[in-house]
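Trainee: I would like a close look at one chain of this model, and then at what lies around it. Please keep it plain.

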Amino acid sequence: MMPATRSFIMRRFSDYYEKGILEAPSSLDQREFGFIHFSDSYPDEIFMKRHIGFISADEMEIYVRNMVPAHAYYSTAYYENPAAPTMQQKGWSGADLIFDLDADHIMRGSYEAMLDRIKQEAVRLLDLLTDELGIDTKTIGVVFSGGRGYHIHVTDTAFRKWTGPERREIIDYVCGIGISPKAMLSRFRPETVGWPLRFRDTLYAYLSDLCSRDGTDNITELTSYDGIGEVRAARFASLMPDICSRLQTNPDSINTEDQTIAAVLHALCSDQKGRFYTLCREAGIQADEPVTTDIKRLIRLPGSLHAKSGFRVVSLSIRELHDFNPLVDAVVWKDRDLGIESKASYDITLLENRYHISKGVSTVPEALGLFLCCRGMAEVAGGR
Amino acid sequence: MRIVLDTKDLAKYPFLKESQHFISDFASDLESFLSGNTGRMVIKRAGDCIRKALQVHDEDDTKTESEIPPHIAIATYAVARILVSCSGERALIDRLVTWQTRQFYENILEEDRDMKAFLAERVGIDITGPQVPVRDYVESVCRLREDHWRLVNRSVIHGLVTVTDEEIDVFIRERLWNGIREQLPLRVPASICSLLAPVLVQVHDLYQKKIMQEFGVIEESAYPPCIQGLLIALASGAHITHIGRFAATAFLHNIGMKNDTILELYGRAPDFNVEKTLYQVDHISGAGGFGTEYTAPGCSAMKTHSLCINPDSLCKSVIHPLSYYKQKKKLLKNREKNAGTEKE
């Protein structure tokens, strides 16, 4: 990034922060803050300045207005002394329960397509958290990260003291990790819901598809799983129609003690390169696990700007998520002209307009220009 | 729930507030109680409890001593807790709580439905229906290893998890473990700890012996693939994430490697900074006044952080790198023995 481009972005960030629209997190005085600044080497070298504490929202805003950070974060954790330099001295007293959804982990494609896909995932996650896990909607906050994803914050004090293992139990449930076919099927009852039901449906769809193919195809598919040889695959293939019918009527009658059935179901669920594993992960929510299990994480501050897109980190209620369009609602700047020098040609949708940007110098709306400059796709024209 | 507890119940469940109230009549002043004849007997019995707690499961005799007067049984429970609190060893505290809870569990299995419901209520759960709230469930099953306890393998709806009648007993046991463990270590006055010093020394020696038995002499060839990978990467100068360094350091500390030796290993890394590394190693091992001693991350956490590399067949049967190490050492030892026999 050219120094002139960096200066321009920083100036526009400064204008934004002058308006004072940061959102103070709850229990602000118990949170640690961290910032990445527009240093001379930004964005090639990035330094996080952390262990910062504020006693009031005013103090936080003054700091941000004066320092104009490229990225602003606060801790999901609550500390007795948030500004202390070591974790021991900080005195951890709890943390919000966080789920991180990042389109990068799910698909490749245009920015617009990735944002659409990840919003669907956020809606599914919210349904699972409320309908299945019974988390009170009043304690759930949704935040658009300003990049390619959403953060779901659960502030219910019931989970606040949880450490890694308890949070691991929840994120495994959310993602569908640790599925035991035997535990799922042998305990299946007509009233069973949640993952055992999802697993049953996924397995039924997968095996039905296999049943509809010819014999050689089945064996090739089954032997592609770790630990499944031809003999085992052939025997399992012969049992598949019966397994499918039992899956529909009474899954608990499937003999999971049978060595062939046990071995194949185990391989289906544990071979991470296999098709069935992917289907199970897709039946769950594809969230970034370490973010949930980490009880000392820093997360983006709502109201701040994301310097890799220039977009605003937007907090939303569950109801607002439905109509939220990040390519409109998280865009801060509007129609003022900006001269840019684009590194390549791009087609981009922003503020409900479709733009074609040719390689070289052109004049574009400032919102688009800043987006391209922040992403490293263009420089401010004449900035050399 | 109204239930009438007799003194036998109090002795069986010394954690109940009724039991604590009962014992306060016998030992209102702890220091003078411990200095008396009964107190000395209780200290000896508490030491015995910790010894039993340190034994492996199949050596352990967890029979209830019905002949012991209730006030002695309750005082023994309390003094054993004081003893491990004075020792400050996290693993020792865990083992005592596990042993005590196992005893309570054996008793719970024999109880009728009313008594079970009473005990469940005391640990904060309602067992009148077949469902428990997700929060209670998750907090209770964290220590359980079997697949069927994992939340993902459960029927969950509207924040409730379905459990069976038989599972309720295990559930109460785990709630008890959490409740009892949460209160430890107790803040014990120095004067009480010094009164217990002779037994404390014996307990500490036994604990050290136990660790040596479990891990023995350090054997690099028994390291799990993940730890070997981390150490190779470290030596070759590759960048290792913070969690990777933490995992390697905690593992080496847990198997009994001295901090200086760990520091030497890090000395091979190109970005070695002696002060920073010393700080990290001391921090993880609980030395240098940090107090908290860390345990190496388990397999699931290693997987989460992409540190589970080249897992071999033994990895499939363990859930913790430390268990891998123990088992691999045994395997290597047996292999050595067999090779020796063949030669003869």
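Trainee: How many helices and how many strands are there in chain B?

Mentor: Chain B has 17 helices and three strands (DSSP runs numbered from the N terminus: H or I of at least four residues for a helix, E of at least two for a strand). The model is predicted, with local features needing pLDDT of at least 70 and side-chain atom pairs pLDDT 80 or more, while totals for chains, interfaces and linings use all residues; side-chain values use heavy atoms, without hydrogens or water. Residues are numbered from 1 along each chain as its sequence is written, with chains lettered from A and ligands numbered from 1 in the order written.

Chain B holds 344 residues, and 47% of them count as buried (under 20% relative accessible area with a 1.4 Å probe and protein chains only; exposed is over 50%, partly exposed in between). Among its contacts (heavy atoms within 4.5 Å) with a separation of 6 or more, 71% join residues 24 or more positions apart.

Where chain B meets chain A, 29 residues of chain B are in contact with 32 of chain A. The two chains bury about 2,400 Å² between them, and 58% of that is on carbon and sulfur atoms (buried area is the accessible area, 1.4 Å probe, that two parts lose on being put together, summed over both). On the chain B side, B:Val152, B:Asn153 and B:Thr304 supply 25% of the area buried against chain A, more than any other three residues.

The partner, chain A, is split into domain 1 (3-175 + 288-329), domain 2 (181-283) and domain 3 (337-380), with bounds from an automatic or database assignment. The centres of domain 1 and domain 2 of chain A, taken over C-alpha atoms, are separated by 39 Å. Seven residues of domain 1 of chain A are in contact with six of domain 2 of chain A, and these two domains bury about 500 Å² between them, 33% of it on carbon and sulfur atoms. Within domain 1 of chain A, A:Arg124, A:Tyr173 and A:Cys175 lose the most area to domain 2, together 67% of what that side buries.

The second largest pocket has a volume of about 820 Å³ (on a 1 Å grid over the protein atoms alone, a pocket is an open set of points with protein on both sides within 12 Å along at least five of seven lines, and lining residues have an atom within 4 Å of a point). Of the 36 residues lining the second largest pocket, A:Tyr73, A:Asp102, A:Arg300, A:His306 and A:Lys308 are the closest to its centre. Elements that give two or more residues to this lining include β3 (71-75), β6 (97-102) and α15 (366-374) of chain A. Domain 1 (3-175 + 288-329) and domain 3 (337-380) of chain A each supply at least three residues to the lining of the second largest pocket.

A:Thr76 sits in the loop between β3 and β4 (77-79) of chain A. A:Thr76 is buried, with a relative accessible area of 1%. Leaving out residues up to four places away in sequence, A:Thr76 touches A:Arg31, A:Ala95, A:Asp96, A:Ile98, A:Arg297 and A:Ile299.

Conventions
On a 1 Å grid over the protein atoms alone, a cavity is a set of points where a 1.4 Å probe fits but cannot get out, and a pocket is an open set with protein on both sides within 12 Å along at least five of seven lines; lining residues have an atom within 4 Å of a point. Grid points are joined across faces, edges and corners, and a volume is the space filled by probe spheres set on the points.
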